[in-house]
Amino acid sequence: MQRALRTGLGYHGFDVHAVGSGEEAVRESAAWRPDVVLLDLGLPGMDGFQTLAALRPHTRAAVIVVSVMPGERDKVRALDAGADDYVVKPFGTEELVARIRAVLRRQADVTSGEPVIRSGDLEIDLAHRAVRVGGKPVRLTPTEYELLRYLALHAGKPVTHSTLLRQVWGAYAVGDKYNTRYVVAQIRKKLGDDSSNPRYIVNEPGVGYRLEA
Amino acid sequence: MSARKLTAMMRRSVPYAIAIAGSVAITAAIAVVQARTSVSGLETVYLLLVLWLGVRWGRWPAVVASVCAFLLYDFFFVPPVGTFTVRGPSELLELVVLLAVALVTGQLAASLRRSHAESEAIASEARALYQLATAALRSPEVTSALSLLCGRATAIRGVSLFSLVAMDFGHAVPLAGGELTADQLKQAAWAHENGRSVGVSISDGTIQLMKTRPDPGGPAYLPLASGVAVMRIDVAHPAPEDLRMLAALTGLAGLLLDRRRAALESERARGFEASDRLKAAVLSSLSHELKSPIASLRAGLTALLSPRAGLEPEQKALLQDLDRQANRLDHMVGDMLALSRLEAGVALDKEPHRFADLVGSALRQLRSDLKGREVTVDADEDLPPVDVDEVQVGRVLVNLLENALEWAPAGGRIALGAAARDGHLEAWVENDGPFIPASDLDRIFDTFWTRRARGSGLGLAICKRVVEAHGGTIRAENMRRGPRFTFTLPLAQVAATR
């Protein structure tokens, strides 16, 4: 697997450095300073979640979690622990490359501090708290705006329900996931989006939502 | 005559001796006083004695004392002194008054003493029960508390057997008290199963002996919520306080048996949970073992498809074909794991969801396969939410859509829809492909049954399991334009907030 990935990613122009354990990854990432870390959750020794926790203070690299575990709980746990995205094994090289490019693009966007975030013809103007679809302004309630803003700040990244609840409703929110679903439905309606075929905010089943980048 | 009987008789005769001695002493005292002064009405002093005796020992010593007093007074003080002659009605009246006082005070005192003794008995019963109950509730081991209780019950006069039998998931298990025969255990199980008492019944806080019993020599059976109390009462007319005590003990035993059963049930539930966790762990490790090699295969095959690998178009086509096969293998492994997970009864993660969201996710997942097909969704935005496991129901939609993709002609139409009906949501996926033969409509959901040469026969079986796990139904039918799969989902009991 490691050799296949090294070869495949190498063909796409990435400089790949492979290590065999979580401990090594933490040590190497401090010295080597990668842009993206592909982290398999099923590691020998220090497990994937421990590695993720140990990596975070050392590196600003985007972390993509790779796992065969089909459980949504693991995805949520990884995202809540600071992972940027996840890929479920098995996957094709093209799919992985697309994910890597997406997280790299997102990193660049965040550092550039662009005040307007776009998703198709949807514009979220953070400086003026304004939302436009095809140039036409859309009126959102404060809650709806907060939720959309948070998704926009992490455009392309899956955001978990619990993160949304915490970020939009506050740390002591007594809400359930149905709250976020209801608000997302309202936003989609106002943006003229169709829940059964959404263009802007897409569902990540069992995990949360993602704004298409 | 034994020594014990002798002392008992002596103890019984003490009040009478005191009655006679007291009368004599008072007579002597009156004689002494009358020799010095002439005080009349001293005979009332006898009344004090009679009264005291009546209160202390009841009516008979008092009667003896009153007769004694009358005779002595008559003999020594009433002229003609030295004779027992009764003259005139006034003397007779005196005797009658003395006797009446003796009888009335005796009666009063006796009933007082009786009620005092009764309350004493009730208090001691309550104390005994309290001690037993605290001991029983403090002891972590219910069985030892039950043994204690049985010991207390057999200490009651006339109770020669008191045993407790627990009914554990349909089996009679003797827990405490005297030994029971296999037949008696069977009888206890019968009593419990039918909720019928045999020989005794319990009501109003006491035990009642039944007049008719099938087996006069055998023990009585009293069914409790979680077990049976088996007892044998040898006396024909047991004291009411003994029966009350027995009823109280039986009640306490019932509580202890309930507590024991609650503990057993929670232990059993923990066991099931553990076996659920084990199944999930086995499946997760199995999926790891099966999927890891496929993952390496696909990663390697697709790596070589890159233009930089410099392969000929023909070689690339071969690799693409191999990758498709690996992908198919992954699908089948996924289906099999999903099916075994469903069969293992791994719990659903149900939450309120909007059907349109579920459809959106499924369509998105199949985005590339659906290119060039017309997909229509006929689901009202205001449909009530459904209470489902998002991932599992998403799988149902994906499988039904894949099935439709397989059968719909190129450029054909796939129609999805949903409507609220009879308290649940009815959803369907229809395509305009060939009709399903009527004979296949029923077995189309069977595991490993497939109409396609390359199908695994698992997709629709998974749909059926998932839908049924949600308490719904699924069916296939031929509509005007083509085959339609319809399934039901439970509605969520939520009021939309803000």
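Is B:F76 buried, partly exposed or exposed, and at what relative accessibility? Select B:F76 to begin, bearing in mind that the model on screen is predicted: its relative accessibility is 41%, so B:F76 counts as partly exposed.

Now add B:F75 to the selection. B:F75 and B:F76 form an aromatic pair of the edge-to-face kind, with 5.1 Å from centre to centre and 80° between the planes. B:F75 likewise counts as partly exposed, because its relative accessibility is 25%.

Over all chains, the structure holds three aromatic pairs, and the next stop is another of them, made by B:Y46 and B:Y73. Here the ring centres are 6.0 Å apart and the planes stand at 85°, so this pair too is edge-to-face. If you colour the helices of chain B, you will find B:Y46 in helix α2 (residues 44-57) and B:Y73 in helix α3 (residues 59-76), so that the pair ties together parts that lie 27 residues apart in sequence. Both B:Y46 and B:Y73 are buried.

Stay with B:Y73 and show its surroundings. With a relative accessible area of 14%, B:Y73 falls under the 20% limit and therefore counts as buried. Leaving aside residues up to four places away in sequence, B:Y73 touches B:E43, B:Y46, B:V78 and B:E94. A distance drawn between the C-alpha atoms of B:Y73 and B:I30 should read 9.2 Å, although these residues are 43 apart along the chain.

Next, turn to chain A and select A:F49 together with A:R77. A:R77 lies over the face of A:F49, at 3.6 Å from the ring centre.

For the last stop, return to chain B and select helix α7 (residues 240-303) and helix α8 (residues 313-343), which pack with their axes 9 Å apart and at an angle of about 170°. The two helices, α7(B) and α8(B), are therefore roughly antiparallel to each other. To display their contact, show the side chains on both helices: α7(B) contributes residues including B:L283, B:L286, B:L290, B:K291, B:I294 and B:R298, while those from α8(B) include B:L319, B:L322, B:D323, B:L329, B:D330, B:V333 and B:R341. Colouring the full set of residues in this contact of α7(B) with α8(B) by type will bring out eleven nonpolar, six polar and five charged. Among the polar and charged residues to pick out are B:S284 and B:K291 on α7(B), and B:N327 and B:D330 on α8(B).

Methods: Residues are numbered from 1 along each chain as its sequence is written. Chains are lettered from A and ligands numbered from 1 in the order in which they are written. This is a predicted model: local features need pLDDT of at least 70, side-chain atom pairs count only at pLDDT 80 or more; totals for chains, interfaces and linings use all residues. Side-chain values use heavy atoms; hydrogens and water are left out. Axes are lines fitted to C-alpha atoms, for helices over the stretch in contact, and angles run from 0 to 180 degrees between N-to-C directions. Helices (H or I, at least four residues) and strands (E, at least two) are DSSP runs, numbered from the N terminus. Angles under 35 degrees count as roughly parallel, over 145 as roughly antiparallel, 65 to 115 as roughly perpendicular and the rest as oblique. Contact means heavy atoms within 4.5 Å. Rings of Phe, Tyr and Trp (its six-membered ring) pair if their centres lie within 6.5 Å; planes under 30 degrees apart count as stacked, over 60 as edge-to-face and the rest as tilted. Buried means under 20% relative accessible area, exposed over 50%, partly exposed in between (1.4 Å probe, protein chains only). A charge sits over a ring if NZ of Lys or CZ of Arg is within 6 Å of the ring centre and within 35 degrees of the ring normal.
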